[in-house]
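Hi everyone, thanks for making the time today. I'd like to walk you through a structure that will be new to most of you, so please have it open in front of you as we go.

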Protein chains: 2
Amino acid sequence: MAERFKTPSGLSTEQRENGTDFAPVFDETGLILAIAAEAASNEVLMVAYMNKEALALTLDTGIVHYYSRSRRSLWKKGETSGETQKLIEMRTDCDQDVLLLKVEQMGRGAACHTGNKSCFFRKVVSKKGDVSLVRDANPPLFDPGEVYKS
Amino acid sequence: MAERFKTPSGLSTEQRENGTDFAPVFDETGLILAIAAEAASNEVLMVAYMNKEALALTLDTGIVHYYSRSRRSLWKKGETSGETQKLIEMRTDCDQDVLLLKVEQMGRGAACHTGNKSCFFRKVVSKKGDVSLVRDANPPLFDPGEVYKS
């Protein structure tokens, strides 16, 4: 694959933070953080990682690819579950070490492997110092036991 | 400080992913990723890290505190710039290694040190294989040269 992205060390801080060169900062393991948000609502759906190949494939196909750290391999999101993500827009932040993906969540509309629309389906609630999690009102969209059975 | 958060290793996968115990996963450097989004619009504003102290202070004061990796110290967001963040709601994801903060951005409404509302003010645009960044239409809200001058 030709080198399509600039090298971050080749840019000044001003160029990196305000310029037009895309120079994504991959960490020492070759990964960059990617946040997927629903394009229509901005709701954050999930957080995952991309390597250079996943990023290039996502830009070229318009279908979101990540890198699975647990499986140590390219991960076409939704390949097993059907919950693919169509890329509507990609953004990066000031220091170019995070990507923000505006996506249309396909399939049943559940980005999370638990069957929920968003991985962030629980609120952190602190009452008099006691902290616990409270599920929001949205019901799961699929039963992971059914979808991921082998 | 009393231990207010559960230890992740004490929970089963089912408890961690679907339960009510808050057991944030701090990485080997003691940090957890935190995404700040504008509560009113869901727009992602910035990504930073919290250590245990920053997380506790955020929950206790309702004002967002992070941990600055570059300065290696607790970081009350907006202390220098005035761009503080009021916590409206906190969420965590299925495996509890990311926090999502719904905030009201105070000050001039700019979460980014570049003076922009969001750190994600540039789109990644791919045209026939050439990838570049394009600024969105929102103007900066302050001049960082003025705000951060010493």
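**A walk through the two chains**

Let's begin with strand β1(B), which is mostly covered: six of its seven residues are buried. Before I go further, please keep in mind that this is a predicted model.

What does β1(B) pair with? On one hand there is β2(B), joined to β1(B) in the antiparallel sense over six bridges. If you want a pair of residues to click on, take A36(B), whose bridge partner in β2(B) is M46(B). Then there is β6(B), which pairs with β1(B) in the parallel sense, again over six bridges. There you can pick L33(B), which stands opposite V98(B) in β6(B).

Now follow the chain from β1(B) into β2(B). The hairpin these strands form has five residues between them, and in it N42(B) takes a positive phi near 70°. N42(B) is not a glycine, despite that positive phi. Is N42(B) buried, exposed or partly exposed? It has 15 C-beta neighbours inside 10 Å, so it counts as partly exposed. Hold on to N42(B), please; we'll meet it again.

Next, how the two chains are related. Chain B is superposed on chain A by a rotation of 180° with 0.0 Å of shift along the axis, and the RMSD is 0.0 Å. That is the relation of a two-fold axis. And here N42(B) returns: in chain B, its C-alpha is the nearest to the axis, 2.6 Å from it.

So where do the chains meet? The contact takes 38 residues from chain A and 38 residues from chain B. On the chain B side, the elements giving two or more residues include α1 (13-18), β1 (32-38), β2 (44-50) and β5 (85-92). The residues on that side divide into 18 nonpolar, 11 polar and nine charged. Of the interface residues of chain B, 100% are also interface residues in chain A, so the copies meet through the same surface.

Strands pair across the chains too. Strand β5 of chain A, residues 85-92, pairs with β7(B) in the antiparallel sense over three bridges. A good place to look is M90(A), which stands opposite V124(B) in β7(B).

M90(A) also leads us inside. Setting aside residues up to four places away in sequence, L101(A) touches M90(A), and also A34(A), I35(A), A36(A), A37(A), V64(A) and L87(A). The largest nonpolar core has 70 residues, and those with the most contacts inside it are I35, A36 and L101 of chain A together with I35, A36 and L101 of chain B.

Let's turn to a helix, α2 of chain A, residues 52-61. Which of its residues are buried? They are A54(A), L55(A) and T58(A). Seen down the axis of α2(A), the buried residues fall within an arc of 100°, so they line one face of the helix. As a reminder, an α-helix has 3.6 residues a turn, so residues three or four places apart point the same way. The buried residues of α2(A) pack against β2 (44-50), β3 (65-68), β4 (73-76) and β5 of chain A. On the face turned away from the buried side you'll find the exposed residues D60(A) and T61(A). After the helix comes G62(A), with a positive phi near 75°.

From β4 of chain A, look at L74(A). It has 15 C-beta neighbours inside 10 Å, so it counts as partly exposed. Leaving aside neighbours within four places in sequence, L74(A) is in contact with E53(A), A54(A), H65(A) and Y67(A).

Two loop residues to finish. Q96(A) sits in the loop between β5 and β6 of chain A. Q96(A) has a positive phi of about 60° although it is not a glycine, and it is buried, with 24 other C-beta atoms within 10 Å.

The other is N116(B), in the loop between β6 and β7 of chain B. N116(B) is buried, with 27 other C-beta atoms within 10 Å. Its C-alpha lies 7.1 Å from that of P139(B), although the two residues are 23 residues apart along the chain. Neighbours within four places aside, N116(B) is in contact with A110(B), F121(B), N138(B), P140(B) and L141(B).

Thanks for listening, and I'm happy to take questions.

Technical notes:
Residues numbered from 1 in each chain as written. Chains lettered and ligands numbered in written order. Predicted model: local features only at pLDDT ≥ 70, side-chain atom pairs only at ≥ 80, totals over all residues. Contact = placed C-beta atoms within 7 Å. Helix = DSSP H or I, 4+ residues; strand = E, 2+ residues; numbered from the N terminus. Nonpolar A, V, L, I, M, F, W, Y, C, P; charged D, E, K, R; others polar. Pairing = 2+ DSSP bridges. Core = buried A, V, L, I, M, F, W, Y, C linked by C-beta atoms within 7 Å. Buried ≥ 20, exposed ≤ 12 C-beta atoms within 10 Å, placed from the backbone. Least-squares fit on C-alpha atoms with pLDDT ≥ 70 in both. Arc of directions from axis to C-beta.
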